[in-house]
Amino acid sequence: MRSQALRKAAPELDSLRLGSGWSIDDLDKPQVIIESSYGHSHPGSAHLNLLVDEAGKGVGDAGGKAANYYVTDICDGEAQGHDGMNYSLVSRDLMAAMIEVHVRATPFDAGVFITSCDKSVPAHLMAIARLDMPALFVPGGIMKTGPGLLTLEQIGTYNAQYARQEITGKQYSWYKQHACPSCGACSFMGTASTMQVMAEALGLAMPGSALIPTHVNSLKEMTRRAGQHAVTLAATDLRPSAILTPKAFENAIMVHAAIAGSSNSLLHLPAIAHEAGVELLPERFDTLHRRIPFLLNIRLSGYWPGEYFWYAGGVPAIMEEIKEHLHLDVLTVTGKSLGENLEILRCNGFYEGCYKHLQVAGVKKNDIIKPVSDPIRSEGAIAILKGNLAPEGAVVKHAAISPKLMQATLRARVFDSEEEAIKAVLQKQIHPGNAVFIRYEGPKGSGMPEMFYTTEAIASDPTLVETVALITDGRFSGATRGPAIGHVSPEASEGGPIALVEEGNLIRIDIPARTLAICGISGEPAIETAITAILDERRRRWQPRPPRYTRGVLGLYTRTSTSPMKGGYMDSGK
């Protein structure tokens, strides 16, 4: 084992670990790093030390020695509404780098990685792929639902309603005070929940472990078993490179389609695949989403809060519904195939343990997970659009869009920051038939923040939600609903066509045809050759903007980040 080999190379190691509280016997045991995002940064991380303790007990039960390491994450919700959101995406890459430092600088034989939320889950998965050490991921669970099925993503709507004086300050305060009644990931299928599901779908987490509600004892039990299994992984030397194959990523995308997962997964899965040496093209998402039906009646695209997903059987139950499409022969972190894992769950009482919680709530499994014979929609939630406005592609979660906007021609309203755009929306300067552009918000522009408040302002306005689209080179919150098209590539800061759009240009959105294009100038339709000539002339006149950030981590990120359609990761070759 690596730890024993490095003890010989670094004679100070024994002394230093004894000084840290290890016993002499501990030095000869398999050594397991337990890496988590524990900290008081937000509800998704504040409880994780309880799981760290359970994982450590499991490691000890199996004859190993655990060591706890921490890289605390930030909260996208707490970063909303100010420039803190610009640090969100880069935090993913920095967390992965710090985990790499922890593992490479010190000897360990296996790892348990524990976290819950938007950027920390993909950060841990990127690190697992990069390090390629025996490891497994433990999802940190999901929070309890508030009174009256209140969940956090509704606060954006109530914020917009309060700004328009549609609800009182007392009502608004009550909603804010009761939206997060416990620790865990927010109780809807946003990015945090989606990425926990993706970890299990990739085969890196124990079967049935994603989105266990934090108030259910099963979460601690599963975490303890994960710690025990880490010692087995150290002995068998099962590495992530044997698990993270192209087939495993296809399985994850198919599960993503069935759950109507967050559009941010199209940033994170390609970044994880890149670390694993797998090329994951955006077209693969589109192809698989066309094939797999949307089945999960969980917010944001459904009715029920996120905790009900696990009660209905979680990821294994979704996989059973789309089983005929999955690669059941892929290897997973259990050492068994996906097909074998599903068979074991059918026989060991897993589903019965989940369903008892549904019975208490008076809800049936089919209320949450629809059978494949009666889907919510016949295809998944994500589409990749291309055209003269997005030659490399753009991402839309069409499950959240009104049928009236599936095919539409709109008039461009152009803003070079979200602050300008939301002001225009709230001041009633945006009208039905507009396409609201927010640009220079891509990875190289400002770090690729979310456009959450602008989307909520549009989605919560009944005059706009079915008549206006938001188009950006930025990204959206996993809580986003309504007419939002993001990740437009190339981004404006690289001179992409989105930088060339002018007020009054006509924009054609055709989601069934997967098209996003400029189709007219100054409010008048124009033929393609004329538009090409006009864009060429605008490109000759276009001047790059000075970098918004030149120092610190955002200076580094905006210089080295890749295209949103590649994952927006920091490219060390730049």
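This report describes the cores, selected buried residues, helix contacts and backbone features of a predicted model.

## Nonpolar cores

The largest nonpolar core holds 110 residues, and those that touch the most other members are Val197, Phe309 and Ile368. Leaving aside neighbours within four places in sequence, Ile368 contacts Leu295, Leu296, Asn297, Ile298, Trp304, Tyr308, Phe309, Ala312, Leu358 and Val363. Phe309 thus appears among the contacts of Ile368. A second core, separate from this one, has 34 residues, with Ala383, Val396, Ile485 and Ile507 among them.

## Buried faces of two helices

Helix α7 spans residues 154-163, and its buried residues are Ile155, Gly156, Thr157, Tyr158, Ala160 and Gln161. The cover over these buried residues includes α8 (169-178) and α21 (452-459). After α7 comes Gln165, which has a positive phi near 60°.

Helix α23 covers residues 552-560, and Leu554, Gly555, Tyr557, Thr558 and Thr560 are its buried residues. Among the elements that cover them are α5 (88-105) and α20 (443-446).

An α-helix has 3.6 residues a turn, so residues three or four places apart point the same way.

## Three buried residues bearing polar or charged side chains

Ser263 lies in the loop that links α11 (246-259) to α12 (265-275). Its relative accessibility is 9%, and Ser263 is therefore counted as buried, the cut-off being under 20%. Apart from neighbours within four places in sequence, Ser263 contacts Ile382, Val395 and His487.

Thr472 belongs to strand β9, residues 469-472. Thr472 is classed as buried because its relative accessibility is 0%. With neighbours within four places in sequence set aside, its contacts are Ile438, Glu441, Met451, Ile485, Gly486, His487, Val488 and Ile498. His487 is thus a contact of Ser263 and also of Thr472. Ile485, another contact of Thr472, is a member of the second core.

Glu321 is located in helix α15. At 18% relative accessibility, Glu321 also counts as buried. Setting aside neighbours within four places in sequence, Glu321 is in contact with Leu295, Lys365, Ile369, Lys370, Pro371 and Val372. Leu295 is likewise listed among the contacts of Ile368. Between the C-alpha atoms of Glu321 and His229 the separation is 28 Å, and the two residues are 92 residues apart along the chain.

## Two helix contacts

The axes of helix α15 (residues 314-321) and helix α16 (residues 338-347) approach within 11 Å, crossing at roughly 110°. The two helices are therefore roughly perpendicular, since angles of 65 to 115 degrees fall in that class. The crossing of α15 past α16 is left-handed. On the α15 side, Pro316, Met319 and Glu320 make the contact, and on the α16 side Leu338, Leu342, Leu345 and Arg346 do so. By class, the residues of this contact comprise five nonpolar, no polar and two charged.

Helix α6 (residues 120-131) and helix α9 (residues 191-202) have axes that come within 8 Å and cross at roughly 25°. Accordingly, α6 is roughly parallel to α9, because the angle falls under 35 degrees. Val121, Pro122 and Leu125 of α6 meet Met195, Gln196 and Ala199 of α9. The residues of this contact are five nonpolar, one polar and no charged.

## Backbone features

Most residues other than glycine have a negative phi, and most peptide bonds are trans. The following table lists residues that depart from the phi pattern.

| Residue | Phi |
|---|---|
| Leu149 | positive, about 60° |
| Gln165 | positive, near 60° |
| Ser522 | positive, about 55° |

Leu149 sits in the loop between β4 (135-139) and α7. Ser522 occupies the loop between β12 (515-521) and β13 (524-525). Ser522 has 56% relative accessibility and so counts as exposed.

Where is the cis peptide bond with an omega of about -5°? This bond joins Ser489 and Pro490. Pro490 lies in the loop between β10 (484-489) and β11 (506-510).

Notes. Residues numbered from 1 in each chain as written. Predicted model: local features only at pLDDT ≥ 70, side-chain atom pairs only at ≥ 80, totals over all residues. Heavy atoms only, no water. Core = buried A, V, L, I, M, F, W, Y, C linked by side-chain atoms within 4.5 Å. Buried < 20%, exposed > 50% of the residue type's maximum accessible area, 1.4 Å probe, protein only. Contact = heavy atoms within 4.5 Å. Helix = DSSP H or I, 4+ residues; strand = E, 2+ residues; numbered from the N terminus. Axes fitted to C-alpha atoms, helices over the stretch in contact; angles between N-to-C directions. Parallel < 35°, antiparallel > 145°, perpendicular 65-115°, else oblique. Left-handed = near helix turned anticlockwise from the far one by under 90°. Nonpolar A, V, L, I, M, F, W, Y, C, P; charged D, E, K, R; others polar.
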